[in-house]
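Please work through the following exercises with the sequence and the model side by side. Each task is followed by a solution that goes step by step.

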Amino acid sequence: SKKDGVVQNSANASFQRMLRSESCSMHIQLKAREHGYVEGAQHLRATRYKQSSYDTSVIVLQSKKDRDQKFDKKALEKRIRAAFASRHEEEMKTRRRDDSFDD
């Protein structure tokens with residue numbers, strides 16, 4: 001619908017402004033299926049973790065004062081990727097293993 005297009009264009013414009021901002025010190029793109037999350041309705045599902053169907057961006061914004069203080073970008077990115085890593089497959093393997101013990 002036209003409304004969806006307006007929202008999409010507005011969201012994209014805001015996203016691009018953040019990336020071009022002088023406050024943007026880092027942009028990490030997490031590809032779909034490489035990261036996951038816990039859905040709010042996890043108590044209604046058989047599994048707790050979901051694998052993401054969409055790419056996600058993590059944008060680090062810093063004030064000028066903070067940008068002057070250097071930090072290890074590679075270490076931060078590694079920690080962010082580990083924190084966002086999908087746990088869905090691991091959960092499924094555990095469930096299959098546990099179910100096989102029930103047989």
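The exercises go from the whole chain to single residues.

The structure is a predicted model, in which local features need pLDDT of at least 70 and side-chain atom pairs count only at pLDDT 80 or more, while totals for chains, interfaces and linings use all residues. Residues are numbered from 1 along each chain as its sequence is written, and side-chain values use heavy atoms, with hydrogens and water left out.

**Exercise 1. Describe the confidence and the order of elements of the protein chain.**

Step 1: pLDDT is the predictor's confidence in each residue, from 0 to 100; the protein chain averages 83, and 87% of the residues score at least 70. Confidence is highest in β1, at 95, and lowest in helix α4 (residues 88–102), at a mean of 70. Where pLDDT is low, the predicted coordinates should not be read in detail.

Step 2: Helices (H or I, at least four residues) and strands (E, at least two) are DSSP runs, numbered from the N terminus. The protein chain has 4 helices and 4 strands, and from the N terminus the order is α-β-β-β-β-α-α-α.

**Exercise 2. Find the largest nonpolar core and the elements that supply it.**

Step 1: Buried means under 20% relative accessible area, exposed over 50%, and partly exposed in between (1.4 Å probe, protein chains only). Of the 103 residues in the protein chain, 16% are buried.

Step 2: A nonpolar core is a set of buried Ala, Val, Leu, Ile, Met, Phe, Trp, Tyr and Cys residues joined through side-chain atoms within 4.5 Å. The largest one has 6 residues, namely M26, I28, L30, V58, V60 and I80. Two or more residues come from each of β1 and β4, and β1 gives the largest share, 3 residues.

Step 3: With neighbours within four places in sequence left aside, I80 is in contact (heavy atoms within 4.5 Å) with I28 and V58.

**Exercise 3. Compare the surroundings of H27 and Q62.**

Step 1: H27 lies in strand β1 (residues 24–30), whereas Q62 lies in the loop between β4 (56–61) and α2 (64–67).

Step 2: H27 is partly exposed because its relative accessible area is 35%, while Q62 counts as buried because its relative accessibility is 15%.

Step 3: Apart from neighbours within four places in sequence, H27 is in contact with F15, L19, S57, V58 and I59. For Q62, with the same neighbours in sequence left aside, the contacts are S23, S25, R67 and F71.

Step 4: H27 and S57 are 30 residues apart along the chain, yet their C-alpha atoms are separated by 6.8 Å. Their side chains make a polar contact at 2.8 Å, a term for a pair of N or O atoms within 3.5 Å, where within protein one must be able to donate a hydrogen and the other to accept it, and residues adjacent in sequence count only if both atoms are side-chain atoms.

**Exercise 4. Check the length of helix α3 and examine its start.**

Step 1: The expected span of a helix is 1.5 Å times one less than its number of residues. The 12 residues of α3 (residues 73–84) should therefore span 16 Å, which agrees with the 16 Å between its end C-alpha atoms.

Step 2: At the start of α3, a side-chain oxygen of D72 comes to within 3.2 Å of the backbone nitrogen of K74.

**Exercise 5. Characterise R33.**

Step 1: R33 is in the loop between β1 and β2 (36–38), and counts as exposed because its relative accessibility is 52%.

Step 2: Although R33 is not a glycine, its phi is positive, at about 70°.
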